[in-house]
Every structure is written in structure tokens, then in C-alpha cells.
Amino acid sequence: MASPVANTLSSLTGSTASPRATQDPAWVRWTLTGVALLFLTFFLALPLAAVFAEAFRRGVDAYFSSFADADAIASIRLTLLTALIAVPANLVFGIAAAWAIAKFDFRGKSVLITLIDLPFAVSPVISGLIYVLVFGLQGWWGAWLIEHDLKVIFAVPGIVLATTFVTFPFVARELIPLMQTQGSDEEFTAISLGANGWQTFWHVTVPNIKWGLLYGVILCNARAMGEFGAVSVVSGHIRGETNTMPLHVEILYNEYNFVGAFAVASLLAILAIVTLVLKALVEWRHAQTRGT
Amino acid sequence: MSFIRTKRSVLPGFGLSLGFTLSYLGLIVLIPLSAAFIKAAGMSWADFVSAVASPRVLASYRLSFLASLAAGLVNSFFGLIVAWVLVRYSFPGKRVVDALVDLPFALPTAVAGIALTAIYSKNGWVGQYLEPHGIKVAFTEIGVFMALTFIGLPFVVRTIQPVLSELEPEIEEAAASLGASRWQTITRVILPELMPPLITGFALSFARALGEYGSVVFISGNMPMRTEITPLLIITKLEQYDYHGATAIAVVMLVASFTLLLIINLLQKWSRRYYQV
């Protein structure tokens, strides 16, 4: 749709939006596309390809025998367990935060939104360190935990907590703007027709936000399974017990077991590819349902 | 800070949802974060300074800052081109390329780290052509820069893309019909519109690079005074059970990150106002 001003201007000059006005010459298009693709190939495609090339360097058998290792399997299991706790926890939080922020007016709202984003600004290493300061041997609750024979740091609870911290904002920051733009009219209607709060939430709100919800969960899950720095600080690197997949990759790599390291890494790379495909699909569905 | 509702609503669940949000935020984020500041506050000033300003730590600030700056600038330049090409041109496989831009968000940092090291080491795909010319990437400052460029790229592209696709072609037509050449249209009309998201994207990529750990530690070689980044020093201090030293450096980094976060928030406000008017 052309604006009246532009229409007037183009009628004055006698040219109706000649392609020269808004399009770059062919050589510019080719050069820029070439530069962009070359840059992306070097920085993105090459590292991704290298993971698989290194994993299969000694053949298919060596690749698959890397997964026969009990420690590798334990690391896969721990990574799945961690994501299975951290992602639902942050999902519930994200929905609660978005409901409070998008559906009600209260003072301090913008401060709350900033605080929710805070974990993104914290270095992963520091995200682990702060839990050591709280639950570690010399930490606030260290003595109490020992008394009750509980272990958080260098154990699974610490890994789950650090992962929850680094993936904290993902779902909330997808849902808050989405629910704010959608407004509350449909919920008002449902309530005035006699639905109770939970019915309204399940039958009106959830269908409206499901794509945003799924989007947030996909990103949250990718980060939860792939987190390295924060988990590295709290894990203690006990083989078969507190090693997640990224930590197991590091251990194998430092032992010069490159095929093993890249084999486990290739699983994480496949996870990344699946994440990107799902993300693109959700974006496409979301654009479709909005009719754009 | 009091969270008092300013307007009544017929919708239920205000108390429950806000109560849960605040408790969860406090338990997972605020209380643990405050532990770092409280621990550092318990140190004497002299101890704190000697922990955060020793020559080895200062060298790490320098590397972290300069490598993040260089990565942010390179990402701003190429990110702008990538965003332009993805929004304005069409070519086969564009959707795949567009999805690939998010790879650094999706690929675990440790995996990126060992992959980049494999590519740029002496026998790697790229390293084997660089080393004969005396260019070493793996285990040098250049390697740190490469890793930080990798993880920062999507921030710039994804901040520019939405603004660029909402720019109306009419303003370019208007500029052209007023006699501007294509080059003048781009430099005087389009680029000024893209400056706020470009600066925001740069700041986001810079901030992420400062704290990055996983993708860097493999390729950097971690040589004291030369290729140690600041987050690595926190880990090193922790491994020596020097909790005070680790916390002191962490507090310096947290203050830097929160300052950047504040600047980014202001930039985004400015950016939004800029292109809505």
C-alpha cells in the first residue's frame, strides 16, 4: 500500500516506483548475498559440519561404540533428568508471571520484568558460583546441609538449580509480550458467561498462547540440555554421577578421546538442529494463525 | 518495593500468580545473586582490590573486553549485511539460511568450542591453510575472538531484521523521486533508521561475549597473562578453594553486566520510540 505522499511524489516525477528506486543493482545483490553466505558458512555451517566429520573420523563403528560406554549413557540420562525438572518448573513460572503481568495493573511491573530478564545478563560461570556460595561447604546453608546429610553442590540438585537459573527467563519473556498484545477481552467474556478462573485459563488463554508457549519451551529445553559453564561449577565432574552431556564432552576431549567427545557432541548438535527446525515450524504456524 | 494492584479486575488469580512469581524469582534468582554481593561485602577493601586488580586478573579484563569489542564490531558489520540479504533479497535455500542464524543459540557452547578448535588447529580444515602463513588462531587471542564472534552473531541479525522488514518502501521511493541516488537513499535514509537496532544488537552481542565461557575455553589454550578470559579466572580461583577471590571477580563482572543491561534497556526504549514516530 503506497502512502499518499509517495503517490503524489511519484506522479509528479512521472515514475511509478521504478525498481531503481527501491532495488539494488544486480551486482550489489550478488556481492552482498555472497558476502553474507560466505560469512555464515565460515562461522556457522563449518563448525556444525566439523562436529560430525570429527565424530565419524574413525568410522561408523568407532562412532557407535562411543555410546556403549556406561559413563556416556549416565551423562545422557542426567541431562534428560535435568531438563525434565528445569523446563517444567520454568514453564509454570513463565505462565504465572505472564498472567500476573499481562492481566493486571500493579506498581513495580517494569522492575519485575527487568528482574525476570536478569539471569540472561549473568555469566554462566557466575550462575554456578552463586549456588556454591549458598549451598557449598562454606556457604550459607552448607553446615545445615551436612548435618542433615544432604548434598546440593557436586550433586544432582545443584546441577538442576544452576540449569533452572540459566533457563529462567525463556518461557516468561515469550509469553509476557504475547499476552500483553492479546489483551484480556476474551477472558472477560468467558468470566461474564459464568466460567471460573481455571476454565477460563484452560479453554481461552491456553489455546491463544500455545504457539508462544511451545516456542519458549523449545528454546528453554535447548539451553537446559546444553548448559556448560554454570553446570561445570556446581557439578564436581564425578564420572557416571554428576556429568551431564556437555561436561562428558569436555572430559573425553581433555583425555584426547576426540572421537568419543565428538560422538557425544554430535548428539547435542542433532538436538540443536531439531531445535532450529521446530523453531522455524512454530514461527511458520504462528505467522499462519495470525493470517500474515 | 510494593506490588500493589492499582486497578481492580474481574479476572481471578492475581494473588496466586504474582505470589508464585515473586517467591520463585526470589528463591532461584535474587537470594542466590545477593549471596555474591554479601560475600564480597565481608571482605576488607585491601583484600578485595588485591583480588580484582592483580596483574593476571587485569590481563584477563583486557582480553575479555577487547575480544568482545572486536567480536561485537565484526558482528555488527556482517550481521547488518546478513539481515539485509535475508529481508530484501530472495535466493534458493533462504529459509534454511535464516534458520541457521540461530545456531549459536541452539548449539551447546562446549560443542561449539571443540568444533571451532578442530577447525582452526594446525591440521584443521581452515588451520592447515593459515599456519603455513604464520597465522595461528587456535590457542591465541584470535581464537578467543573467533569463538565470541560465533556466539554473538544472532543478536545483531535478530535485532535488525524486524526493524528492517517494517521499514516502508515508500520512504525509499520518496527519497528516489526527490532525486537521491540509491547510495544516498541507503546512507541518508535507511541506515539512520537502522542505527538504534544496530547499536542495541552490538551491545547485546558484546554483553554476551563478556560472560561467555564454554565456547572460549577450548580454543583459547588458557595461558596465564595471555589467553585467559575473566570467567575462566573465576573457575581457577574456585578450584583453588579461593572463594573470596572468585566472588570478588564475579562482583566486578556482575556490576559491568548490570550496567550494560541498563544501557541496553534504555537503547531499546529509544529504538522503539525512534521508529514508531
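# A guided reading of the two-chain model

Ile114(B) touches Val249(A), Tyr253(A), Ala261(A), Phe262(A), Ala265(A) and Phe218(B), once residues up to four places away in sequence are set aside. This contact list is a useful point of entry into the structure, which is a predicted model. Ile114(B) also belongs to the largest nonpolar core, which has 161 residues. Together with Leu129(A), Ala265(A), Ala36(B) and Val111(B), Ile114(B) touches the most other members of that core. Ala265(A) thus appears in both descriptions, as a contact of Ile114(B) and as one of the core residues just named.

Which element supplies the largest share of this core? Helix α5 of chain A, spanning residues 70-103, does so with 14 residues. The core also draws at least three residues from each of the two domains of chain A, domain 1 (24-55) and domain 2 (59-289). As general background, nonpolar side chains tend to be buried together in soluble globular proteins.

The contact between the chains can be described next. Chain A gives 86 residues to it, and chain B gives 83. On the side of chain A that touches chain B, the largest share is 16 residues from helix α3 of chain A, which covers residues 26-55. That side of chain A is made up of 60 nonpolar, 16 polar and 10 charged residues.

Within chain A, the domain assignment gives domain 1 (24-55) and domain 2 (59-289). The C-alpha centres of these two domains of chain A are 30 Å apart. Their contact involves 5 residues of domain 1 and 8 residues of domain 2. The side of domain 1 that touches domain 2 holds 4 nonpolar residues, no polar residues and 1 charged residue.

A local region of chain A deserves attention at this point. Leu145(A) lies in helix α8 of chain A, residues 142-147. Leu145(A) counts as partly exposed because 19 other C-beta atoms lie within 10 Å, whereas a buried residue would need 20 or more. Leaving aside neighbours within four places in sequence, Leu145(A) is in contact with Phe135(A), Leu150(A), Lys151(A) and Val152(A). One of these contacts, Phe135(A), is 10 residues from Leu145(A) along the chain, and the C-alpha atoms of the two are separated by 7.7 Å.

The loop between α8 and α9 (156-166) of chain A contains Asp149(A). Asp149(A) is not a glycine, yet its phi is positive, at about 60 degrees. In general, most residues other than glycine have a negative phi. Is Asp149(A) buried or exposed? Asp149(A) is exposed, because 6 other C-beta atoms lie within 10 Å.

Attention now turns to chain B as a whole. Chain B has 13 helices and 0 strands. Its C-alpha atoms fill a box of roughly 70 × 70 × 30 Å along the principal axes. Of the 277 residues in chain B, 47% are buried. Among contacts in chain B between residues at least 6 apart in sequence, 78% join residues at least 24 apart.

One helix of chain B illustrates a mostly covered element. Helix α12 of chain B, residues 230-239, has 7 of its 10 residues buried. The buried residues of α12(B) are Thr230(B), Pro231(B), Leu232(B), Leu233(B), Ile234(B), Lys237(B) and Leu238(B). Lys237(B) is therefore one of the residues of α12(B) that count as buried, since the criterion is 20 or more other C-beta atoms within 10 Å.

After α12(B) comes Tyr241(B), with a positive phi near 60 degrees. Tyr241(B) is found in the loop between α12 and α13 (243-276) of chain B, and it is not a glycine. Tyr241(B) counts as exposed because it has 11 C-beta neighbours inside 10 Å.

A last residue of chain B is Trp183(B), which lies in helix α10, residues 182-211. Why does Trp183(B) count as exposed? Trp183(B) is exposed because 10 other C-beta atoms lie within 10 Å, and the limit for an exposed residue is 12 or fewer. Trp183(B) and Trp45(B) are 138 residues apart in sequence, and their C-alpha atoms are 56 Å apart in space.

Definitions and conventions:
Residues are numbered from 1 along each chain as its sequence is written. Chains are lettered from A and ligands numbered from 1 in the order in which they are written. This is a predicted model: local features need pLDDT of at least 70, side-chain atom pairs count only at pLDDT 80 or more; totals for chains, interfaces and linings use all residues. Two residues are in contact if their C-beta atoms, placed from the backbone, lie within 7 Å. Helices (H or I, at least four residues) and strands (E, at least two) are DSSP runs, numbered from the N terminus. Ala, Val, Leu, Ile, Met, Phe, Trp, Tyr, Cys and Pro count as nonpolar, Asp, Glu, Lys and Arg as charged, and the others, Gly among them, as polar. A nonpolar core is a set of buried Ala, Val, Leu, Ile, Met, Phe, Trp, Tyr and Cys residues joined through C-beta atoms within 7 Å. Domain bounds come from an automatic or database domain assignment.
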